[in-house]
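Me: Could you take a close look at one part of this model for me, the place where the small molecule and the metal sit? I'd like a connected walk through the site, and then a look at the rest of the chain around it.

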Amino acid sequence: MQDQTLQTLERIQRRVLWLATWMVHHANNVRPNPDGTKVGGHQASSASSVSLLTALYFHHLREGDVVALKAHAAPAFYAIQYLLGRLSADDLRELRTFGRLQAYPSRRKNPEIVDLSTGSMGLGAVQATFGAFAARYLADHGAPCGPERFIVMVGDAELDEGNVWEALLEEPLAALGTVRWIVDMNRQSLDRVVPDSRRRQLRDMFAAAGWRVIECRWGGRLAAALQAPSGEALARRLEAMPNVEYHALLRLPAAAARKALVTGPDGAPSSALERALGGRSDEEVQALLGDLGGHDLGAIIAAYEEADRERDRPAVILADTLKGWALPMAADPLNHGALLSASQIDALRAASGIRPGEEWAPFPEDSAEAAVIRARPPLYQAPPPRGRAIEMPESLGDEHAGTTSTQEAFGRVLAGLARLPAGERVVTVSADVAITTHLAGWINRKQVYAPVARPSPLAEIPQAMQWRETPAGQHVEIGIAEHNLFLLLGALGLTRSLSGETLLPIGTLYDPFVTRGLDALYHALYSGSRFVVAATPSGVSLSPEGGAHQSVITPGIGVALPGMTYWEPAFGREVEWILLDGLARMARGEGESLYLRLSTKPVDQALAPPPTAAARAGVLAGGYRALDARGASGWDPEENAVSLFAAGVMAPEAVAAARTLAGEGIHASVFIATSPDLLYRGLRQRRGALERLVSADEEGVPIVSVLDGHSHGLAFLGAALGVPQIPLGVDDFGQSGTRADLYRHYGIDAPAIVAAARTLLGRAAG
Ligand SMILES: Cc1ncc(C[n+]2csc(CCOP(=O)(O)OP(=O)(O)O)c2C)c(N)n1
Ligand SMILES: [Mg+2]
């Protein structure tokens, strides 16, 4: 690498440092701040990444690369986008203001510059890595597409997050030569200098996962000093030096730092160490100590190129850096949220060669820096969606007769899809629960995806589920880690917007374990991805299988999650309609992700209304009327009427309760809430779903609601309609028992519904 190029890059990185630091300073101290709220920003975390990012964006990156950024380096990233001409100075001035550049890189909010969203530690990095897996899946299914490389930058303490290691255990990831991770090893987290064991642990854990580990530890000058004939003592001293001591040395005055450095364990100065330091001044010694690989552009570029040398496995670069590099707060253990003072900013401005008033100035057109920028290849641009439109029917024509569960119906819908061209675009994912979530039929037909076919000695033995692994398979099986499930779904559901290739991902898990992966699910939705989650079984209807497997609080989660519609179908046909409608939207790049809370409880399908267009519209609107009491003789909305709202598997109990109540002269209409989520959202719309469902003459009729989950999932109905309500549901931990025992215990069976209706109407027990 030519010296001149390095010198130009060096000037660029100083400008990136200046702009990132100034941008945060401006947001906190210069820009009007009418209410005085803290704005924040991360000057130290940005400075730490400045060299790694400069080498990446101004030298290494190719057109087919996407980057998932260390979230707290956002200001440095924005500065780079500005220098590359993709943001204006005005954009930088509006850092963290409404509708402008976000605190953390967001593809949802700033899609023109951000490839992949990050923020919550560990999640963005893993979803990006699964993105490389998704690209491989597409290539194996005849749709080779970009991006070509997935470059992921993380903080060192970010790797404390267990989800990172859950993901790295997934064997197919170890074969992804398109993945590069860059770890900003500043050995500081938010609160502290990190434990010394981390360096070895990280090295070992990446290697154990099958990754290539490349260390970029010392800068060129320090490396030369260590390799000099007299350098061995210094190398040993630095190797053995605890992280806290190293940080302390960098914070000491130069003379004291040198003294501490050369003092041996016996308290006496070591002549070997003095020899290694040669005739350097105290200041030179301290500068040498801070000469780290992650700030030496030549060393960084060499590490990036080294990572490219092998193409059949991922590589990680552990690059030593200083948090707050080249700023007065460098290596200060409390620098995470620190901001430069006005006088420190003035000093940095002067040191960066910027005149007051020209803080935002770009490089002059005729400068060597501008020439480097002009010569850069364009950054990744997602292609528009391609391929033929995916045709999704409104119905598969299934009978849905007899007694069946919504989980079985889900299996049948997949079987139906498998026969259609649209089924080619479906990819299922399960975290070791494919059999118990009814995917066996689909897997038998579509096989398991593996980048390299793996012959199985079991393949020819007839069994309920044939486990054939081929690159053409359409089911992805992962280990038991729900974070991986959701982040993989997130990656598969993002291929339309990132690669132009549309996949229809469907993931299955037991509903109680939605909470186990909730953070990842939230991130996947935030990233803009679309996918289906079939969560089954749900609720206490699972019965004898026990408390820990019975989901209670998920309805509330379903109502609250943005970007995802929560459904609780009662009958098989509803499952079919909901899935086909949702998938059709996803195929067009519209609509939201779906969350279906399903059950193994057999339900008499004769209770379902006939399959008319109006019935379908009601199901998809979030609710419909299953029993209409208004025509009954003697019906009086002020005297003897009640509305029963039931979600999912509680429909039969509501119908049974209505029949009992009729015998007592209480007229109950039964409404099936197929989506408590849509009913709730409708409250803020004119003529929302709920208003259309309940007629004007029912405005005073009290409500009993019932669902197999926490009662608050439907508890808003009474307030919404301005009538008294008793919300029934499961408000405690689950437990083993027969369905009848449990429904009685939690108060969601037909007698409990009847009793609630009586209470509302002021009737004595019958
Ligand atoms: C899941 C999660 N937990 C906590 C935080 C708060 N947090 C922000 S930065 C940070 C420390 C990050 O340290 P590191 O990854 O080493 O980054 P750097 O030192 O480069 O700032 C923490 C705990 C977060 N963003 N996400
Ligand atoms: Mg760190």
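**The ligand site and its surroundings**

Reply: Let's start with the company that ligand 1 keeps: its shell breaks down into nine polar residues, five charged ones and three nonpolar ones. Keep in mind that this is a predicted model. The shell counts 17 residues in total, and the closest of them are Ser45, Lys70, Asp156, Ala157 and Gln188.

Now for the polar contacts. Ala157 uses a backbone N or O atom, which sits 2.9 Å from an oxygen atom of ligand 1. Asn186 works through its side chain instead, with a polar atom placed 3.0 Å from an oxygen atom of the ligand. Over at a nitrogen atom of ligand 1, you'll find a polar backbone atom of Met121 at 3.2 Å. As for cover, the ligand taken alone exposes 590 Å², and the protein buries 77% of that.

The metal shares some of these names. Ligand 2 is a magnesium ion, and its donors are an OD atom of Asp156, OD1 of Asn186 and the O atom of Gln188, at 2.0 to 2.1 Å. So Asn186 has a side-chain polar contact with an oxygen atom of ligand 1 and also coordinates the magnesium ion. Asp156 and Gln188 are likewise metal donors, and both are listed among the closest residues to ligand 1.

Along the sequence, the donors follow the spacing D-x29-N-x1-Q. What does the long gap in that pattern do? Asp156 belongs to the loop between strand E2 (149-155) and helix H6 (162-168), while Asn186 belongs to the loop between strand E3 (179-185) and helix H7 (197-208), so the pair ties together parts that are 30 residues apart in sequence. Are these two donors buried or exposed? Asp156 counts as buried because its relative accessibility is 5%, under the 20% cut-off. Asn186 comes out at 4%, so it counts as buried too.

If you follow the chain back from Asp156, there's a bit of backbone geometry to check. Gly146 and Pro147 are joined by a cis peptide bond, with omega at about -15°. Pro147 sits in the loop that runs between helix H5 (123-140) and E2, and E2 is also the strand on one side of the loop that holds Asp156. On the other side of H5, the loop between helix H4 (89-93) and H5 holds Arg96. Arg96 has a positive phi, near 65°, and isn't a glycine. With a relative accessibility of 25%, Arg96 counts as partly exposed.

There's a second stretch worth opening in your viewer, the loop between strand E12 (532-535) and helix H22 (554-560), where Pro537 is found. Pro537 is joined to Thr536 by a cis peptide bond, and omega there is about -5°. That loop also holds Ser543, another non-glycine residue with a positive phi, near 65°. Ser543 is buried, at a relative accessible area of 2%. Ser541 has its place in the loop between E12 and H22 as well, and it is buried with a relative accessible area of 0%. From the C-alpha of Ser541 to that of Tyr522 is 26 Å, with the two positions 19 residues apart along the chain counted as their separation.

Further on comes helix H23, which covers residues 572-587. Its 16 residues reach 22 Å from first C-alpha to last, close to the 22 Å expected at 1.5 Å a residue. H23 is mostly covered, with 15 of the 16 residues buried. Just after the helix, Gly589 takes a positive phi of about 75°.

Past that, Pro609 lies in the loop between strand E15 (603-604) and helix H24 (613-621). Pro609 is partly exposed, with a relative accessible area of 26%. Its C-alpha is 20 Å from that of Thr660, a residue 51 places away along the chain.

Finally, the whole chain as a backdrop. Its secondary structure comes to 30 helices and 20 strands. The C-alpha atoms fill a box of roughly 105 × 70 × 55 Å along the principal axes. Of the 766 residues in the chain, 59% are buried, and Asp156 and Asn186 at the metal belong to that buried part.

Definitions and conventions. Residues are numbered from 1 along each chain as its sequence is written. Chains are lettered from A and ligands numbered from 1 in the order in which they are written. This is a predicted model: local features need pLDDT of at least 70, side-chain atom pairs count only at pLDDT 80 or more; totals for chains, interfaces and linings use all residues. Side-chain values use heavy atoms; hydrogens and water are left out. Helices (H or I, at least four residues) and strands (E, at least two) are DSSP runs, numbered from the N terminus. The expected span of a helix is 1.5 Å times one less than its number of residues. Buried means under 20% relative accessible area, exposed over 50%, partly exposed in between (1.4 Å probe, protein chains only). Donors are N, O and S atoms within 2.8 Å of the metal (3.2 Å for Na, K and Ca); water is not among the atoms, so sites may look incomplete. A residue is near a molecule or strand if one of its heavy atoms lies within 4 Å of it. A polar contact is a pair of N or O atoms within 3.5 Å; within protein, one must be able to donate a hydrogen and the other to accept it, and residues adjacent in sequence count only if both atoms are side-chain atoms. Accessible areas come from the Shrake-Rupley method with a 1.4 Å probe; for residues, only the protein chains shown count as cover. Ala, Val, Leu, Ile, Met, Phe, Trp, Tyr, Cys and Pro count as nonpolar, Asp, Glu, Lys and Arg as charged, and the others, Gly among them, as polar.
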